[in-house]
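Hi everyone, thanks for coming. I'd like to walk you through one structure today, so have a look at the screen and stop me whenever you like.

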There are 2 protein chains.
Amino acid sequence: MTLLGAQAKQAARILARAGTADKDAALRAIAEGLTGRLDDILAANARDIEHATAKGMAPYFIDRLTLNEKRLRAIAGDVLHVAELPDPVGESFDAVTLANGLRLHKRRIPLGVLGVIYESRPNVTIDIAALAIKSGNACILRGGSETIHSNRALVSIVHQALAANGLPREAVSFVDDTDRARIMELLRLSDYVDLIIPRGGAALHDLCRKNSTIPVITGGMGINHIYVDESADQDMALDILFNAKVQKPTVCNALGTVVVHCGIAEDFLPKMARRLGQAGVSFRCDPRAHDIFSRHAPDADFQPAAPADWDTEWLSLVAGVKIVDSLDEAIAFIEAHSMDHSDGIVSHNPAHIARFVNEVDSCGVFVNASTRFNDGGQFGLGAEVAISTQRIHARGPMGLRELTSYKWVVEGNGHVRPG
Amino acid sequence: MTLLGAQAKQAARILARAGTADKDAALRAIAEGLTGRLDDILAANARDIEHATAKGMAPYFIDRLTLNEKRLRAIAGDVLHVAELPDPVGESFDAVTLANGLRLHKRRIPLGVLGVIYESRPNVTIDIAALAIKSGNACILRGGSETIHSNRALVSIVHQALAANGLPREAVSFVDDTDRARIMELLRLSDYVDLIIPRGGAALHDLCRKNSTIPVITGGMGINHIYVDESADQDMALDILFNAKVQKPTVCNALGTVVVHCGIAEDFLPKMARRLGQAGVSFRCDPRAHDIFSRHAPDADFQPAAPADWDTEWLSLVAGVKIVDSLDEAIAFIEAHSMDHSDGIVSHNPAHIARFVNEVDSCGVFVNASTRFNDGGQFGLGAEVAISTQRIHARGPMGLRELTSYKWVVEGNGHVRPG
């Protein structure tokens, strides 16, 4: 791993100086390789599927690691899209001329080497490689052991594309070893790796945070709330809740718990039970909500919420329902249970909206809009490597720019510091 | 330490919502406390001096921990200056309206809890407390055991000032325990602490990087180069080298090694030997420079450079002298030996300047200006908590704004995500 780290760091220096045209050409070559060597990739993927099936893995798990022509063409399309995005490296910003005549600006540079640890989705191999190349960062990829054959085939395409365009293959380094000890080694390669990006569940993030001597991007998990204020347009609230809960319940920006003001609960909850219930949502209710459901929506799929339910990331068609007496109580409840991902308010009261936006510090705060928008593509970043819920470095969707740092450039005319 | 962490995190929530007026009032109360309770502080400081003297500590060490009326009034003045700086919390930036009508902006929020580990300068206690309070961050301070009495007195003034202005005392938490085991515990309080800021030498930074599960700001050390190009105005180069090496040799932005193009070395080095030699600079020369010194500046204080000299942070009136054949060799040499702090070029060749600025990735890159400008005050940030040489989060001088993160605020009118 030390050798891998040293090689990646060396490659990062070269990639940092590479021109946009060369990086984009390598990306287009990756896209061509994906479609041109479709059969090789699918054959490798078939071996992974075979192993997973033999091990008796669940169908959803097999689905996650499965590639097919349609999926590969979509991945290739994403790579071409990254090639079209502006190159952040070299951008100048915050230019200023000081009173003494010194001219300052900041100039974007890559972060260096990204260590990316992920699980069973082989598309991550290509997604991350493309974003890293475009942003001038080398990366060390450690994918799941279940997809080792697929990943080998994908990385070999990346390596060919890099070499064909005069870029070092080690810019996308691959841990071709399924021993989990390699993860622990990667987490301590602080002499070579600048940032760890875990792509996976809570256990993986915890492992990284506890063991890494390198900064770790925490994110990708959400217990998300939408507070329906007394002043809310109830039809708007129903549309937003439906979208946030039902459109794609398995993702980190989906709704977890609906928080409803007591003043409208009696009126609103039965409508919500019908609208979301049609899509198969089941509800975990606090005592007051449970009482309203019992009286006005007895046919809904509902039950009393257990204390742990408020801190559960459902990733399915389950929603908590909490009734509060005030905006203060709503904000306190959200602060207690949010994972700082995506929390929103539906309200027509400007003072309530202002307080909610000031006091809820999740990485995405939504006013009269679905939490499902918390996404690099939806925010106009073009692509994303992760959604960060921590406060160091970048927060929220991390696109190409969030994979850069900067240097200060100071230009004078013989300036020396007085004193 | 867990209790200290939990209390600091709770206080951070309150401080994050505090108004600018309250925070500034607390800062002014700290400044008043410093001058109003001068005798208490100096009595506590006298105990630290007495202990250090009894332990036979060196005079420079005693000087570093010594407070006196002049120093305390200067520290109080710095606190008042922080009170006058703009409050970064709540600033909006990067506002955009998307094609679908969603309005996005980013809003600055504090980082949370800063863990600050420092050595024998008691002024750091007040400097950091002031910057943390103003930026809405709680902090946990762990100062050196040599200044425990001074720090207790200073922290008690901070606590009084906070309490008198309705802010929680735990916003500035103090590890009142000189056992070094507390440092290791602090470095692993990742449930409560968001960022570790070490203020001290290489050993402290290494300790933090190797043992912390929390992101660490690396910085405050520099092996800094100035490349004197063949096209340089030699008088300008002499002024810049003199300022960078001589004005304050004990700091991290002072000059380490002069890199000179071979085409002017024979002419330039004797002038440099005279100009810097007058101030007592001694030179560690590569073989070619040594030959020129021997022939043209035999009275200068010079000797052959040992290999390790190029990687030594002198912090004194010593300068390395390296002759190169080309700009490429200069950049490669700087890349090999710089600590990414402050590196500069003196040149009148625009192509050389452009290549130097593009390819040297130190946190501060200087063109025809002294490296001594790499400083938050000099850059117009008002104050600084550290100079970061790493690429995660902020880079270069870190002022109030660099102690913040942001949230995305997304405002719609019933927007839901299609698809």
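Let's start with a sheet that draws on both chains of this predicted model. It is an open sheet of ten strands, and the order is S1(A)-S2(A)-S16(A)-S13(B)-S12(B)-S7(B)-S8(B)-S11(B)-S9(B)-S10(B), with mixed pairing. Which strands stand at the edges? They are strand S1 (92–97) of chain A and strand S10 (302–304) of chain B; each has a single partner strand, so one side of each is left without a neighbour in the sheet. Ignoring direction, neighbouring strands here are turned by 20° against each other on average.

Now look at the part that chain A brings. S2(A) and S16(A) run antiparallel and are joined by eight bridges. If you want a residue pair to find on the screen, take A:Lys106, which stands opposite A:Trp408 in S16(A).

From S16(A) we step over to the other chain. S16(A) pairs with strand S13 (residues 364–369) of chain B in the parallel sense, over five bridges. One pair to look for is A:Glu411, whose bridge partner in S13(B) is B:Val367.

There is a second sheet that also takes strands from both chains. It is open, has ten strands and mixed pairing, and reads S10(A)-S9(A)-S11(A)-S8(A)-S7(A)-S12(A)-S13(A)-S16(B)-S2(B)-S1(B). At its edges are strand S10 (302–304) of chain A and strand S1 (92–97) of chain B, each with a single partner strand, so one side of each has no neighbour in the sheet. The twist from one strand to the next averages 20°.

Let me pause on S8(A) in that sheet. Strand S8 (residues 255–261) of chain A pairs with strand S11 (residues 318–324) of chain A in the parallel sense over five bridges. S8(A) also pairs with strand S7 (residues 224–228) of chain A, again in the parallel sense and over five bridges. A:Val260 is a handy landmark: its bridge partner in S11(A) is A:Ile323, and A:Val228 stands opposite A:Val260 as well. Is S8(A) buried or exposed? Seven of its seven residues are buried, so S8(A) is largely enclosed by the rest of the structure.

Next, the contact between the chains. How many residues does each chain have in contact with the other? The count is 55 residues of chain A and 55 residues of chain B. On the side of chain A that touches chain B, the elements that each supply at least two residues are strand S2 (103–110), helix H9 (202–211), helix H10 (234–246), helix H14 (350–359), strand S13 (364–369) and strand S16 (404–415). S16(A) gives the largest share, eleven residues. By class, that side of chain A has 24 nonpolar, 18 polar and 13 charged residues.

What about chain A as a whole? Its secondary structure comes to 14 helices and 16 strands. Its C-alpha atoms fill a box of roughly 70 × 70 × 35 Å along the principal axes. A compact globule of 419 residues would have a radius of gyration near 22 Å, and chain A, at 24 Å, agrees with that. Of those 419 residues, 54% count as buried. Among contacts in chain A with a separation of 6 or more, 72% come from residues 24 or more positions apart.

To finish, a pair of helices in chain B. The axes of helix H2 (residues 20–36) and helix H5 (residues 69–84) of chain B come within 9 Å and cross at roughly 170°. That makes H2(B) roughly antiparallel to H5(B). The residues that meet include B:Leu27, B:Ile30 and B:Leu34 from H2(B), and B:Leu72, B:Ile75 and B:Val79 from H5(B). By class, this contact has eleven nonpolar, one polar and three charged residues.

One residue there deserves a closer look: B:Ile30, which lies in helix H2 of chain B. B:Ile30 is buried, with 28 other C-beta atoms within 10 Å; the cut-off for buried is 20 or more. Leaving aside neighbours within four places in sequence, B:Ile30 is in contact with B:Val79, B:Ile126, B:Ala130, B:Ile157, B:Val158 and B:Ala161. By contrast, B:Tyr60 is 30 residues from B:Ile30 in sequence and 28 Å away in space, C-alpha to C-alpha.

That's my tour, and I'm happy to take questions.

Methods. Residues numbered from 1 in each chain as written. Chains lettered and ligands numbered in written order. Predicted model: local features only at pLDDT ≥ 70, side-chain atom pairs only at ≥ 80, totals over all residues. Contact = placed C-beta atoms within 7 Å. Helix = DSSP H or I, 4+ residues; strand = E, 2+ residues; numbered from the N terminus. Nonpolar A, V, L, I, M, F, W, Y, C, P; charged D, E, K, R; others polar. Pairing = 2+ DSSP bridges. Rg over C-alpha atoms; globule rule 2.2 N^0.38 Å. Buried ≥ 20, exposed ≤ 12 C-beta atoms within 10 Å, placed from the backbone. Axes fitted to C-alpha atoms, helices over the stretch in contact; angles between N-to-C directions. Parallel < 35°, antiparallel > 145°, perpendicular 65-115°, else oblique.
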